[in-house]
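User: I am new to reading protein models. Can we go through one feature at a time?

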Amino acid sequence: MQVRREVLDFIAAHARSQSPRECCGLLIGTELEVVEAVATANVAVEPHRHYQVSPVDHFAQIKRCRDAALAAG
């Protein structure tokens, strides 16, 4: 599995921007490569200690990826 440099940079920037809360996101790609990271809302009851991806964001990305033949998860 390969992860593009810009994806890693995005993840790091997103984590910094959400601190001290836990950040959430989805990795988008194929079986061989992660091509995108998508920030999602953290809907956890205790967002400073836990994370829970917003189901609305998750399903929206699944729908978008089906059209592009990619996988979100």
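**Reading the model step by step**

Analyst: Start with one residue and its place. Pro55 sits in helix α2, which covers residues 55–68. Keep in mind that this is a predicted model.

User: Is Pro55 buried, exposed or partly exposed?

Analyst: Look at the relative accessible area. Under 20% is buried, over 50% is exposed, and partly exposed is in between. Pro55 is partly exposed because its relative accessibility is 42%.

User: How far is Pro55 from Gly25 in sequence and in space?

Analyst: Take the two separations one by one. Along the sequence, Pro55 and Gly25 are 30 residues apart. In space, their C-alpha atoms are 11 Å apart.

User: What span does α2 have, and what span is expected?

Analyst: Use the rise of 1.5 Å a residue as a ruler. Helix α2 has 14 residues and reaches 20 Å from its first C-alpha to its last. That is close to the expected 20 Å. Just after α2, Ala69 has a positive phi of about 60°.

User: Now the salt bridges. What is the general idea?

Analyst: Side chains of opposite charge can pair when their charged atoms come close. In this structure there are four salt bridges. One of them joins Arg4 and Glu33, with the closest N and O atoms 3.0 Å apart.

User: Which parts does the pair of Arg4 and Glu33 tie together?

Analyst: Arg4 lies in the loop between β1 (2–3) and α1, while Glu33 lies in strand β3 (residues 33–40), so the pair ties together parts that are 29 residues apart in sequence. Arg4 is partly exposed, at 32% relative accessible area. Glu33 is partly exposed too, at 23%.

User: Which salt bridge has a partner in α2?

Analyst: Arg64 forms a salt bridge with Glu36, and their closest N and O atoms are 2.9 Å apart. Arg64 belongs to helix α2 and Glu36 to strand β3, so this pair ties together parts 28 residues apart in sequence. Arg64 is partly exposed, with a relative accessible area of 36%. Glu36 is also partly exposed, at 27%.

User: What about a pair inside one helix?

Analyst: First the general idea. An α-helix has 3.6 residues a turn, so residues three or four places apart point the same way. Now the case. Arg5 and Asp9 are four residues apart in helix α1, so about one helical turn separates them. Their side chains meet in a salt bridge of 3.3 Å, N to O. Arg5 counts as exposed, at 55% relative accessibility. Asp9 is partly exposed, at 40%.

User: Let us turn to a contact list. Which residues does Thr40 touch?

Analyst: Place the residue before reading its list. Thr40 is in strand β3. Thr40 counts as buried because its relative accessibility is 8%, and under 20% means buried. Leaving out residues up to four places away in sequence, Thr40 touches His14, Cys24, Gly25, Leu26, Val53 and Asp57. There is also a polar link: a polar atom of the Thr40 side chain lies 3.4 Å from the backbone nitrogen of Gly25.

User: Asp57 is on that list. Where is Asp57, and what does Asp57 touch?

Analyst: Asp57 is in helix α2. Asp57 counts as partly exposed, at 25% relative accessibility. Again leaving out residues up to four places away in sequence, Asp57 touches Leu26, Thr40 and Ala41. The C-alpha atoms of Asp57 and Leu26 are 9.2 Å apart, and the two residues are 31 residues apart along the chain.

User: What else can I look at in β3?

Analyst: Try Val35, which is in strand β3. Val35 is partly exposed, at 23% relative accessible area. Its C-alpha lies 6.7 Å from that of Val7, and the two are 28 residues apart in sequence.

User: Last, the surface. Which residues make the nonpolar patch?

Analyst: Met1, Val3, Leu8, Phe10, Ile11 and Leu27 make a nonpolar surface patch of about 530 Å². Ask next which element gives the largest share. The answer is helix α1 (residues 5–18), with three residues. Leu27 is in strand β2, residues 24–29. Leu27 is partly exposed, at 39% relative accessible area.

How values were computed. Residues are numbered from 1 along each chain as its sequence is written. This is a predicted model: local features need pLDDT of at least 70, side-chain atom pairs count only at pLDDT 80 or more; totals for chains, interfaces and linings use all residues. Side-chain values use heavy atoms; hydrogens and water are left out. Patches are made of residues with over 30% relative accessible area and no salt bridge: like charges are joined within 9 Å, nonpolar side chains (Val, Leu, Ile, Met, Phe, Trp, Tyr) within 5 Å. Accessible areas come from the Shrake-Rupley method with a 1.4 Å probe; for residues, only the protein chains shown count as cover. Helices (H or I, at least four residues) and strands (E, at least two) are DSSP runs, numbered from the N terminus. Buried means under 20% relative accessible area, exposed over 50%, partly exposed in between (1.4 Å probe, protein chains only). The expected span of a helix is 1.5 Å times one less than its number of residues. A polar contact is a pair of N or O atoms within 3.5 Å; within protein, one must be able to donate a hydrogen and the other to accept it, and residues adjacent in sequence count only if both atoms are side-chain atoms. Contact means heavy atoms within 4.5 Å.
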